[in-house]
Amino acid sequence: MDPINEAHVREPGLVVVDVAAADDATALSFQQLLAERWATATAETTTRDAGEPGVRLRCYLDLRQPISQAAPDEALPPVSAAASQ
């Protein structure tokens, strides 16, 4: 996988998720579960590394923005500037 871009994790609550799975269906299903709970920039396809088993997928989450009605309590509370230093 490519290195993580600092912009994708510059604030508390932003997450980069690298998934390794046995097959496309498993990786995409896991990503869908994440996307049903939080704001997610999803990948359309998985990648395969030559000579390596399985598939890989990277998606980006914002845990500050819950999507489902069941998830509002799972959002991260705002972090003050003083607390993040």
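Buried means under 20% relative accessible area, exposed means over 50%, and partly exposed lies in between. Keep those words ready for this tour. The model on your screen is a predicted one.

**Stop 1: helix H1**

Select residues 24–35. This is helix H1, with twelve residues. At 1.5 Å a residue, H1 should span 16 Å. Check the C-alpha atoms at its two ends: they are 16 Å apart, so the expected span and the model agree.

Now show the side chains. Which residues of H1 are buried? Pick Ala-27, Gln-31 and Leu-34: these are buried. They cover an arc of only 55° around the axis, so they sit on the same side of H1. Turn to the other side of H1 and select Ala-25 and Leu-33, which are exposed.

What covers the buried residues of H1? Color three strands to see part of the cover. It includes S1 (14–21), S2 (38–41) and S3 (55–66).

Before leaving, zoom in on the start of H1. Select Asp-23 and Ala-25. A side-chain oxygen of Asp-23 comes to within 3.3 Å of the backbone nitrogen of Ala-25.

**Stop 2: the largest nonpolar core**

Next, select the twelve residues of the largest nonpolar core. Begin with Val-17, Val-19, Ala-21, Ala-27 and Leu-34, which are among them. Add Trp-38, Ala-43 and Val-55, also members of this core. Finish with Leu-57, Cys-59, Leu-61 and Leu-63.

Which elements give two or more residues to this core? They are S1, H1 and S3. S3 gives the most, with five residues.

Stay in the core and center on Val-17. Leave out residues up to four places away in sequence. Val-17 then touches Phe-30, Leu-34, Leu-57, Arg-58, Cys-59 and Leu-61. One of these, Arg-58, is the next stop.

**Stop 3: Arg-58 and Asp-18**

Select Arg-58 in strand S3. Is Arg-58 buried or exposed? Its relative accessible area is 14%, so Arg-58 counts as buried. The cut-off for buried is under 20%.

Add Asp-18 to the selection. Side chains of opposite charge can pair when their charged atoms come close. Here Arg-58 and Asp-18 form a salt bridge, and their closest N and O atoms are 2.6 Å apart. Arg-58 belongs to S3 and Asp-18 to S1, so this pair ties together parts that are 40 residues apart in sequence. Compare the exposure of the partner. Asp-18 is partly exposed, because its relative accessibility is 39%.

How many salt bridges does the whole structure hold? A search finds five. The next two stops visit others.

**Stop 4: Asp-24 and Arg-48**

Go back to H1 and select Asp-24, then add Arg-48. Their side chains meet in a salt bridge of 4.0 Å, N to O. Asp-24 lies in helix H1 and Arg-48 in the loop between S2 and S3, so the pair ties together parts 24 residues apart in sequence.

Look at the exposure of each partner. Asp-24 is partly exposed, at 32% relative accessible area. Arg-48 is exposed, at 57%.

**Stop 5: Asp-62 and its neighbors**

Last, select Asp-62. Where is Asp-62? Its place is in strand S3. Asp-62 has a relative accessible area of 9%, so it is buried.

Show the side chain of Arg-64. The side chains of Arg-64 and Asp-62 meet in a salt bridge of 2.8 Å, N to O. Arg-64 is partly exposed, with a relative accessible area of 34%. Now add Glu-11. Salt bridges that share partners join Glu-11, Asp-62 and Arg-64 into one network.

Select Gln-65 as well. The side chain of Asp-62 makes a polar contact of 2.8 Å with the side chain of Gln-65.

Then look farther along the sequence. Again leave out residues up to four places away. Asp-62 touches Gly-13, Leu-14, Trp-38 and Ala-39. Draw a distance between the C-alpha atoms of Asp-62 and Trp-38. These residues are 24 apart in sequence, and their C-alpha atoms are 6.3 Å apart in space. Trp-38 also belongs to the largest nonpolar core, which you saw at the second stop.

Conventions. Residues numbered from 1 in each chain as written. Predicted model: local features only at pLDDT ≥ 70, side-chain atom pairs only at ≥ 80, totals over all residues. Heavy atoms only, no water. Helix = DSSP H or I, 4+ residues; strand = E, 2+ residues; numbered from the N terminus. Expected span 1.5 Å × (residues − 1). Buried < 20%, exposed > 50% of the residue type's maximum accessible area, 1.4 Å probe, protein only. Arc of directions from axis to C-beta. Contact = heavy atoms within 4.5 Å. Polar contact = N/O pair within 3.5 Å; in protein donor to acceptor, adjacent residues only side chain to side chain. Core = buried A, V, L, I, M, F, W, Y, C linked by side-chain atoms within 4.5 Å.
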